[in-house]
Amino acid sequence: MRIGLFGGSFNPVHKGHMALADTVMKELSLDRVIIIPNGESPYKSSDSYVSAGDRLEMCRLAAEDRPDIEVSGFETGRQGKSYSIFTAEHFRKEYPRDELFWLMGSDMLLYFDKWFRYRDILKLVNIAAVTRTGEDESQLVHTAEALGKYGNIIVVHHQPLVISSTEIRKMIKNNGELSCYLNEKVVQYIKMRKLYI
Ligand code: ATP
């Protein structure tokens, strides 16, 4: 099987995340994508984080009608920072004969060489990266070439939905309309749990 591993804070999960998963799944003929919300991000500040349980649940709701998308509690169930190398090692063991692709947006690939043990990650998984803005694809290709000596980096052409969780958190504070950016079940969950207000 060809399996996509998709890590992030998903705070909250939005349609830009799902569009990335859909594009890579289609373009690289993946059988499924596993969304893996982190416990504690090694790279992002935790001020605006809602609990790992809430972020995991929102991912589950967003993927509920999608048999090709799974949600894993591997990182949220671990103590301490969620370093991707441990996640890559875990899934490599779980799927020893399958082809693994780590999905990410351009912001992540451009800083990938700062990730803890990034060369080891590249020994375990391929990377599939897409643009987040529609304007950074040549920079992305350049970075992919530079990292290419350590592993297989694929730049997948993508029409991005230009949105971020940060923007969505601001919109929630300002009572903005969320339905174009979030799955309706996620909107209802955020309202019910009074998140991000
Ligand atoms: P925040 O605004 O809180 O930093 P985010 O919107 O960047 O969050 P993350 O959960 O940190 O979302 O992202 C998880 C992964 O999804 C990363 O690899 C990121 O590059 C990618 N991603 C997020 N939003 C988009 C988008 N709109 N288009 C393409 N990729 C995206």
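Which residues of H1 are buried? In this predicted model, the buried residues of helix H1 are Gly-16, His-17, Met-18, Leu-20, Ala-21, Thr-23, Val-24 and Met-25.

## Helix H1

Helix H1 covers residues 15-27. Its 13 residues extend 18 Å from the first C-alpha to the last, close to the 18 Å expected at 1.5 Å a residue. Ser-29 follows H1 and has a positive phi, near 50°.

## The β-α-β unit

Together with strands S1 and S2, helix H1 makes a β-α-β unit that is right-handed. The two strands of this unit also pair with each other: S1 (residues 2-8) and S2 are parallel and share 6 bridges. Within this pairing, Gly-4 stands opposite Val-33 in S2.

## Strand S2 and its second partner

S2 also pairs with strand S3 (residues 69-71); the two run parallel and are joined by 3 bridges. Here Ile-35 stands opposite Val-71 in S3.

## Burial of S2

Strand S2 spans residues 32-37, and 6 of its 6 residues are buried, so the strand is largely enclosed by the rest of the structure.

In a regular strand, side chains alternate between the two faces of the sheet. Both faces of S2 are covered: one side carries Arg-32, Ile-34 and Ile-36, the other carries Val-33, Ile-35 and Pro-37, and all of these are buried. Two of these residues recur in the pairings described above: Val-33 lies opposite Gly-4, while Ile-35 lies opposite Val-71.

Definitions and conventions:
Residues are numbered from 1 along each chain as its sequence is written. This is a predicted model: local features need pLDDT of at least 70, side-chain atom pairs count only at pLDDT 80 or more; totals for chains, interfaces and linings use all residues. Side-chain values use heavy atoms; hydrogens and water are left out. Buried means under 20% relative accessible area, exposed over 50%, partly exposed in between (1.4 Å probe, protein chains only). Helices (H or I, at least four residues) and strands (E, at least two) are DSSP runs, numbered from the N terminus. Two strands pair if DSSP finds at least two bridges between them. A crossover is right-handed if, with the strands pointing away from the viewer, the path from the first strand over the helix to the second runs clockwise. The expected span of a helix is 1.5 Å times one less than its number of residues.
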